[in-house]
Amino acid sequence: MNAVQIHLFGGLRVTGEGAPPPVRGAIPEAILCRLALDPERSFSTDELVEALWPAASDSVVSSLRAHLSRLRTRGWGELLPGGRGGYRLAVAPEAVDVIRYRRLLQVGGADRARALAEAEALWIGAPLARVGEFPFAPPVIAELGMLRRDAALELADREVAAARPASAVAALAPWADDLEDDEVGVRLAGALADAGRIADALAEVDRRVAHRRRAGATVSASEGWASLRDRIARGEGGGAGLAAAGGAGAGRVGAPAPAPAPGDLGADASGGSVGTVAGADEPGGPSAARRALIGRVAELDRISDARAQSRLVTLTGPAGVGKTRLAAEVARRGAAGADDDAQWFVDLTVIRSPDRLIGAVAETLGCASEIDAIAAAVGGRRTLVVFDNAEHVLGETAALAAALLERCAGLSVLVTSREAMRMAGERVVPVEPLLGGALDDAVDLFLERARDSGGMTGWSADDRAAVRRLCVALDGLPLAIELAAARLDVLSLDEVAGSLEALGPEGSGAGRHDSLDAAIGWSVGMISDDERGTLGQLARFSGSFGLDAVAGICRVEGADPRESTIALVRRSLVVPAGAVGGGRRFRLLDTVRRYARMHLQAEDDAEWWARHGSWMAAYADRTAPLLRSAAAPKARASLRSYAADLQDATARAIRSGDRALAVELVGSLAWFWYERGQADEALNLIDQALAVPGPRRPGPEARALYAATFMQAVGGDPLATVHALRRFAEAADDAADPPHAMIAHTLLGSLAAVEGNIEAREAELAIAERWRTQVGEEDRWAIADHLYIRGDALRIAGHPAQALDSLEEGYRLAAEIGHTWTLAASCYITGKVLTQVGRPRDAVGILRTGAGHSLARGDRISALAAVNAIAVALVELGAVEEAAELFGLVDALGPRFGFHPVASDGSYAEPFRARAAASLGGAWDLARARGAARDVAWALERSAAAAGGS
């Protein structure tokens with residue numbers, strides 16, 4: 001055996017005496033990596049081909065042999081002995097770091113801790129880093145990742161047991177951003193709490209539950225998130241939470257299915273997700289729901305009675321009285337008591353105009369912006385939907401609630417508003433301030449928040465009496481009480497009470513809204529001029545914001561608005577809103593925002609909005625292209641976090657007639673909107689932007705119309721699709737934009753193939769090839785798109801071998817640059833080709849791979865399209881019952897996300913549907929009904945079994 005060492009962590013490297021030179025090229029590196037994973041085994045040609053090529057053409061074997069021959073001539077001859085026995089890598093197993101890693105993790109006994117440390121030291125980077133998209137690699141990468149994860153969990157438990165929680169946090173850090181791994185999340189929150197980082201621990205619980213709500217996953221009440229949050233908030237540490245949340249029902253939940261079944265939709269049934277979104281009245285903002293609710297026993301009883309009598313309950317009361325916090329507690333108890341199978345929380349404070357209501361609700365639920373799609377998302381089981389802060393869109397909320405309640409028998413709606421909706425059957429529960437018999441609760445609230453803010457304890461009877469008078473002066477409004485308590489970090493109780501005398505004596509007749517405004521005004525009066533100026537500008541944001549946006553948009557003479565923002569957080573006037581992509585985000589409570597908009601906006605609005613529009617356009621321009629790269633997950637999360645302000649900037653540019661800005665924004669954001677399934681809203685904004693008078697901007701117009709073409713295609717309107725495509729081609733040609741012109745003419749070639757126009761097809765594809773020669777390195781994503789679309793055109797034209805070659809090339813390029821959407825699209829078209837050429841079993845395998853890419857990126861439409869194509873392949877395999885189940889699943893879930901299977905792809909799938917229906921007879925409807933109750937993950941497992949383990 002040779003003395004060289006093979007390193008697969010961090011990409012292939014070879015060290016040691018006699019090490020050959022570095023390998024150039026993805027395929028040669030993939031060959032060596034596959035052989036190194038099993039150095040004692042000889043591989044046949046067919047085995048290596050299967051390991052490296054998902055859909056092999058006739059030329060692959062020759063290509064493989066040529067690569068091996070070149071490796072031998074470039075210094076690898078001794079390590080690559082050949083012969084009739086096949087190909088192998090002549091190194092000892094212990095010379096391969098991945099094999100050593102596995103063996104170290106098998107060590108037990110007294111040496112276990114040392115072995116865990118040595119194994120972790122070997123992990124210097126991702127395994128198989130540059131060959132991760134070759135078919136052999138994903139299972140290995142996944143296996144090693146799980147081994148490392150399990151080792152980290154064990155190490156974290158050891159560190160916690162040894163009273164070293166900070167070391168446990170460090171051990172879990174590599175998985176901190178995997179928000180679907182409950183075992184990591186529970187341990188991380190617990191370790192943070194045990195390390196004394198209570199705020200970080202609560203934020204960890206908060207962001208994980210909120211993520212699951214957005215992704216449409218269900219959190220079982222047994223997972224203990226609510227009880228873990230409560231224990232941490234009470235200062236009891238996180239250790240107890242490990243058993244509670246890590247026991248039955250906990251564990252890894254995998255990638256969220258882009259199209260969950262009706263039984264698998266919903267938010268955190270423990271109530272955590274509902275409590276994590278702040279609204280106008282939630283004392284303390286997002287963090288309030290992490291603390292135990294003080295008082296409100298009578299209100300909770302009345303709400304429980306109201307929910308028993310009606311499916312529509314409205315909590316009414318003045319701003320700052322605690323309606324949102326109370327709604328969060330109702331939801332938590334409903335989940336814990338198994339009253340609700342799923343819960344959704346819709347924060348209406350980000351909506352500035354009534355026509356945005358449907359879109360905001362659909363965005364929260366992750367479905368198409370249609371009432372029927374929303375009804376499908378919340379129907380099918382006992383679901384609670386909370387519409388929070390509805391007073392400014394009361395009529396529209398009432399109409400939507402009525403429509404949903406009519407369609408969904410198991411739905412309950414809880415609304416918070418300053419006034420009732422006055423609907424038939426509505427039960428109204430007034431939420432009163434903490435006065436009268438509830439005054440003791442107001443005092444307890446102040447004292448607890450004072451302890452949180454300044455660590456103050458040991459209150460005397462005189463102190464409690466002073467607090468009691470102060471709470472009366474604040475009209476018993478929880479938000480005002482909390483703002484006052486927050487000042488004890490720098491003032492004494494006497495100073496706080498003295499400074500609040502301006503609010504007027506008890507019984508002065510001042511309205512409660514005036515009292516709240518006065519309390520906010522008092523807090524604002526105690527901050528610096530720089531902080532007041534910053535607060536007035538922060539109030540203009542529609543959603544949450546990061547410090548990057550604050551720096552780029554806000555202006556305060558002689559001060560850094562970012563530092564002022566942090567100071568406002570310390571004073572509870574701005575609240576944390578989690579983290580996205582490693583950056584902290586913030587938001588204003590709605591009551592503070594309204595006060596600031598009324599009293600603190602001295603700067604010219606036009607100047608601020610001009611900077612806002614420019615910054616949002618520049619941000620979208622630099623972030624949206626990352627959707628087609630390996631950085632797509634972070635880019636997608638970042639764009640989601642600014643979604644409200646991006647849409648506001650677009651709508652404002654359209655209203656003001658700023659065509660350049662409007663077109664720039666829709667050009668950057670159109671593909672993001674397409675990925676999110678917002679076709680109707682996006683097409684409307686694109687049309688409005690392009691209709692604004694002014695000089696044309698063909699470049700961004702082409703980018704917008706590229707996405708619009710796909711949106712129309714998915715919607716199933718062929719005439720609209722063709723119209724959008726021709727507009728796209730015109731804009732791309734006018735812009736002389738090589739990447740988009742190439743794609744446009746490739747799509748025109750595909751259209752000609754559908755029409756059977758051979759001459760036009762060849763002409764358009766030839767034009768596309770000419771444009772391809774001008775595409776730069778930075779636009780390789782476009783070449784990958786071109787290759788998969790070209791493959792589809794060749795498939796339609798009846799040239800399967802050429803289609804597979806083009807698709808394989810596109811897949812490789814997409815894998816190299818991390819363009820996962822085109823990875824999935826290439827698999828989708830490849831699956832169709834394989835089905836057509838009599839290889840349906842192979843088709844199921846490649847389609848399942850594509851669906852996996854779509855699942856991982858939350859692309860609901862592409863995942864459903866893949867399942868639809870898998871059903872076609874199953875019909876060809878004779879598995880008609882399983883195919884019918886998958887067709888039923890797609891028919892049930894498709895409309896929720898804007899995918900209409902027959903309209904979108906009817907010419908391909910419809911004959912197979914008819915065959916399956918004819919074969920099954922009366923069992924067709926039964927099979928479809930079974931599938932309609934399932935989700936995409938189930939469909940992939942079902943198809944694998946039906947295809948014989950493909």
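The paragraphs below lead through this predicted model, from its sheets to its helices and then to its salt bridges. Residues are numbered from 1 along each chain as its sequence is written, and side-chain values use heavy atoms, with hydrogens and water left out. Because this is a predicted model, local features need pLDDT of at least 70 and side-chain atom pairs count only at pLDDT 80 or more, while totals for chains, interfaces and linings use all residues.

We begin with the strands. Helices (H or I, at least four residues) and strands (E, at least two) are DSSP runs, numbered from the N terminus, and two strands are said to pair if DSSP finds at least two bridges between them. Strands of a sheet pair through backbone hydrogen bonds, either parallel or antiparallel. One open sheet in this structure has five strands in the order β4-β5-β6-β3-β7, and its pairing is parallel. Strands β4 and β7 (427–430) stand at the edges with a single partner strand each, so one side of each is left without a neighbour in the sheet. From one strand to the next, the twist averages 15 degrees; for such angles, axes are lines fitted to C-alpha atoms, for helices over the stretch in contact, and the angles run from 0 to 180 degrees between N-to-C directions.

Within this sheet, strand β3 (residues 312–316) runs parallel to strand β6 (residues 411–417) and is joined to it by five bridges, with Thr314 standing opposite Val415 in β6. Strands β4 and β5 also pair in the parallel sense, over six bridges, and the bridge partner of Ala342 is Thr383 in β5. Is the edge strand β4 buried or exposed? Buried means under 20% relative accessible area, exposed over 50%, and partly exposed in between (1.4 Å probe, protein chains only). Six of the six residues of β4 are buried, so this strand is largely enclosed by the rest of the structure. Both of its faces are covered, with Ala342, Trp344 and Val346 buried on one side and Gln343, Phe345 and Asp347 buried on the other.

Helices lie against this sheet. Helix α15 (residues 357–365) lies across β4 and β5 (383–388), running at about 140 degrees to β4. Helix α17 (residues 394–407) packs on the sheet and touches β3, β5 and β6 (contact means heavy atoms within 4.5 Å), and its direction makes about 170 degrees with that of β6.

A further open sheet has three strands in the order β8-β10-β9, with antiparallel pairing. Its edge strands are β8 (545–546) and β9 (575–580), each of which pairs on one side only. Strands β9 and β10 are paired over four bridges, and Ala579 stands opposite Arg584 in β10.

Turning to helix α8, we can compare its length with an expected span, which is 1.5 Å times one less than its number of residues. The 13 residues of α8 should span 18 Å, and its end C-alpha atoms are 18 Å apart, which agrees. Of these 13 residues 10 are buried, so α8 is largely enclosed by the rest of the structure; Val184, Leu188 and Leu192 are among the buried ones. At the start of α8, a side-chain oxygen of Asp181 reaches to within 3.3 Å of the backbone nitrogen of Glu183.

Asp181 also leads us to the charged pairs. Side chains of opposite charge can pair when their charged atoms come close. The structure holds 50 salt bridges, a salt bridge being a side-chain nitrogen of Lys or Arg within 4 Å of a carboxyl oxygen of Asp or Glu. In one of them, the side chains of Asp181 and Arg149 meet at 2.3 Å, N to O. Asp181 lies in the loop between α7 (165–172) and α8 (182–194) and Arg149 in helix α6 (residues 137–161), so the pair ties together parts that are 32 residues apart in sequence. Both Asp181 and Arg149 are buried.

Another salt bridge joins the side chains of Arg587 and Asp347 (3.2 Å, N to O). This pair links distant parts of the chain, since Arg587 is in strand β10 (residues 583–587) and Asp347 in strand β4 (residues 342–347), 240 residues apart. Arg587 and Asp347 are buried.

Methods:
A polar contact is a pair of N or O atoms within 3.5 Å; within protein, one must be able to donate a hydrogen and the other to accept it, and residues adjacent in sequence count only if both atoms are side-chain atoms.
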